[in-house]
Amino acid sequence: MDELTGITVLRADGERLGPFVRRHLPAIDRAVAETGVALIRGADAEGVGDFQQALDGLGFRPLEYTERSTPRSEVGDGVFTSTEYPAREVIPQHCESSYAGAWPGRLAFYCATPAATGGATPITDVARVLEDIPAEALRTLEARGLRYVRNYGSGVGLDWREAFQTDSRDEVARFCSAGGLEWEWPEEDRLRTVRRAPATLVHPRTGHRVWFNHLVLFHQSSLPEGLRADLVALFGEDGLPNDVLFGDGDRIPDEMVAAVRAAFERRARRFGWRRHDLLVIDNMRWSHGREAFTGERRVLVSMSDLITRADRPEPALRG
């Protein structure tokens, strides 16, 4: 285990990535089961094909990326680019698809090209982060729950066709109905969805309560101040591409979200990507984000082990 980051590191010493993963699968599985994360470093690889061989070795059954929230490109069967936001932007901590009706249990990140500077993928233990969120804020968020409000088709953010991977409004309606999403078409080509969800869940294997939501990423306060003001002026408080409110529709104060963000910053573990690194994480034990960077950064991701919201009970509220 790396003493600086606390992340289990398995060193491949130049061995081909796919064969190394297959040969060391018990150690990788043990690390992910015990700590929720494993980093394979120093392997030899040439790109998507080697990453897919490693995924096969891990027993991944790559999932489709549906109910999308960020732009990505699919570069192989079940292999996507990481979020294609401008290099200057920081992506706040989040668990993949925690706003959705279903999400991956495991993620695998593969570094094809590290950034010249920056570009790390910090990760945070979402059970431990609960210890640093102020008790009153945590009680309030758990008691009132969350409401994710998303607007598509404004020309800012994702279009509904990209988000749901279809150009059929009927297909969107079927997806929303099956996945517990409220939806409406306020204008001919604009879609609005609402999902009510808890702030915390119980991890299916450990039984621990975990912080599992998109509050820090979707809340208005994650936007640069000037951009936030411009978007609200243009679309109104209820028309932003992504937002998250209390479950009853009241706005969550910026200072409450700032306290949660500070808890993540205190608990985050960071390592700098090296070429051909493979990071495997339990998506309900660790959140992830992205630092700003310079240069040509290329990190690929694949998702496996589907978990649905109906499968996961909410934890008992703490007094």
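Hi everyone, let's start with strand 4 (residues 79–81) and strand 18 (residues 298–308), which run antiparallel and are joined by 2 bridges. Two strands count as paired here if DSSP finds at least two bridges between them. One contact point to look at is Thr81, whose bridge partner in strand 18 is Leu300.

A quick note on what we're viewing: this is a predicted model, where local features need pLDDT of at least 70, side-chain atom pairs count only at pLDDT 80 or more, and totals for chains, interfaces and linings use all residues. Residues are numbered from 1 along each chain as its sequence is written, and side-chain values use heavy atoms, with hydrogens and water left out.

Now the sheet. It is open, has 7 strands in the order 1-2-15-6-18-4-3, and its pairing is mixed. Strands are DSSP E runs of at least two residues, helices are H or I runs of at least four, and both are numbered from the N terminus. At the edges stand strand 1 (8–11) and strand 3 (74–76), each with a single partner strand, so one side of each lacks a neighbour in the sheet.

Next, the helices. Helix 2 (residues 25–35) lies across strand 1, strand 2 (37–41) and strand 15 (278–282), running at about 145° to strand 2. Contact means heavy atoms within 4.5 Å; angles run from 0 to 180 degrees between N-to-C directions, with axes fitted to C-alpha atoms, for helices over the stretch in contact.

Last, the cysteines. Cys111 is buried at a relative accessible area of 0%, and Cys176 is buried at 0% as well (buried is under 20%, with a 1.4 Å probe and protein chains only). How many disulfides are there in the whole structure? The search finds 0, taking a disulfide as a pair of cysteine sulfur atoms within 2.5 Å.

Note on methods:
Buried means under 20% relative accessible area, exposed over 50%, partly exposed in between (1.4 Å probe, protein chains only).
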